[in-house]
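Look over the model below before reading on. This report covers helix packing, charged pairs and a few individual residues.

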Amino acid sequence: MQRVLVMGCSGAGKSTFACKLAERCGLPFVSIDRIYWLPGWVEPVGGAFTVAMTQEAEKAAWVIDGNYLSHGAADLRRARADTVCFFDFPRWVCMVGIIRRSAMSYGQVRPEMDPGCPEKFDPVFWRYVWTFQTQQRPRLLAYFKGLRPGQRLVTFTTRAQADDFLREAA
């Protein structure tokens, strides 16, 4: 594995997994959230995000954590990836994950975020997670249909499966 996409619903543990996978495989970790969000949780304007993601995707090796299918060089990321890890967890697991994360990290900046983006209680984000299975999951499944033969799609439905994959990765 040289270029790995880690995708799925927020709260599933994608970032933690991606960091561990990158470390274990000796690959650079790229957080899409860190590139996308500007200080104060401000969304980028113009094409700056797509330019930054294109630069990252064109590199020789990486583990990229995040979705952002409607922009951010999504097709290039998919074309360059050799492996896609998809966290396909039930809604309740992801909701517990983000509520716990919000409570435990409130006011602090998570390592994969821009320094100006402290954790907060965000009902709009929680609604995104609540509706992920019906709104975003179908888009991800359609995105995965664009994978070429030889590209590996690994689907995790439990954290234990993701942990097993990490133990075997190198």
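What follows takes helix pairs, then salt bridges, then single residues. The model is predicted.

## Helix pairs

Two packed helices are described by the angle between their axes and the distance between the axes.

Start with helix 1 (residues 14-25) and helix 9 (residues 159-168). They pack at about 15°, and 10 Å separates their axes. An angle under 35 degrees counts as roughly parallel, so helix 1 and helix 9 are roughly parallel to each other. Their crossing is left-handed. On the helix 1 side, Phe17, Lys20, Leu21 and Arg24 make the contact. On the helix 9 side, Ala162, Phe165, Leu166 and Arg167 do so. By class, this contact holds five nonpolar and three charged residues, with no polar ones.

The second pair is helix 5 (residues 91-105) and helix 6 (residues 123-130). Their axes come within 9 Å and cross at roughly 160°. Over 145 degrees counts as roughly antiparallel, so that is the label for helix 5 and helix 6. The crossing of this pair is right-handed. Helix 5 brings Arg91, Cys94, Met95, Ile98, Ile99, Arg101 and Ser102 to the contact. Helix 6 meets them with Phe125, Trp126, Val129 and Trp130. The residues of this contact divide into eight nonpolar, one polar and two charged.

## Salt bridges

Side chains of opposite charge can pair when their charged atoms come close. How many salt bridges does a search of the whole structure find? It finds seven. The table gives three of them.

| Salt bridge | Closest N and O atoms |
|---|---|
| Asp75 and Arg78 | 3.1 Å |
| Glu112 and Arg110 | 2.3 Å |
| Arg167 and Asp164 | 2.2 Å |

Asp75 and Arg78 both belong to helix 4 (residues 74-80). They are three residues apart there, so about one helical turn separates them. Is Asp75 buried or exposed? Asp75 is exposed, because its relative accessibility of 51% is over the 50% cut-off. Arg78 is buried, with a relative accessible area of 16%.

The partners Glu112 and Arg110 are both buried.

Arg167 and Asp164 lie in helix 9, again three residues apart, about one turn of the helix. Arg167 is exposed at 55% relative accessible area. Asp164 counts as partly exposed, with a relative accessibility of 35%. Salt bridges that share partners also join Arg101, Arg110, Glu112 and Glu119 into one network.

Two of these charged residues also appear in the helix contacts. Arg167 is one of the helix 9 residues that meet helix 1, and this residue is paired with Asp164 as well. Arg101 is among the helix 5 residues that meet helix 6, and Arg101 also belongs to the salt-bridge network.

## The end of helix 3

Glu56 and Ala57 are next. Ala57 is found in helix 3 (residues 48-57), and Glu56 lies in helix 3 too.

Ala57 has 0% relative accessibility, so it counts as buried. Leaving out residues up to four places away in sequence, Ala57 touches Trp62, Leu76, Arg77 and Arg80. Ser31 is 26 residues from Ala57 along the chain, and their C-alpha atoms are 12 Å apart.

Glu56 is buried as well, because its relative accessible area of 18% is under the 20% cut-off. With residues up to four places away in sequence again not counted, Glu56 touches Val30, Ile35 and Trp62. Trp62 is thus listed for Ala57 and for Glu56.

## Positive phi in loops

Which residues other than glycine have a positive phi? Trp41 is one of them, with phi near 60°. Trp41 lies in the loop between helix 2 (32-36) and helix 3.

Tyr68 also has a positive phi, about 45°, although it is not a glycine. Tyr68 sits in the loop between strand 3 (62-65) and helix 4. At 18% relative accessibility, Tyr68 counts as buried.

Notes: Residues numbered from 1 in each chain as written. Predicted model: local features only at pLDDT ≥ 70, side-chain atom pairs only at ≥ 80, totals over all residues. Heavy atoms only, no water. Helix = DSSP H or I, 4+ residues; strand = E, 2+ residues; numbered from the N terminus. Buried < 20%, exposed > 50% of the residue type's maximum accessible area, 1.4 Å probe, protein only. Contact = heavy atoms within 4.5 Å. Axes fitted to C-alpha atoms, helices over the stretch in contact; angles between N-to-C directions. Parallel < 35°, antiparallel > 145°, perpendicular 65-115°, else oblique. Left-handed = near helix turned anticlockwise from the far one by under 90°. Nonpolar A, V, L, I, M, F, W, Y, C, P; charged D, E, K, R; others polar. Salt bridge = Lys/Arg side-chain N within 4 Å of Asp/Glu carboxyl O.
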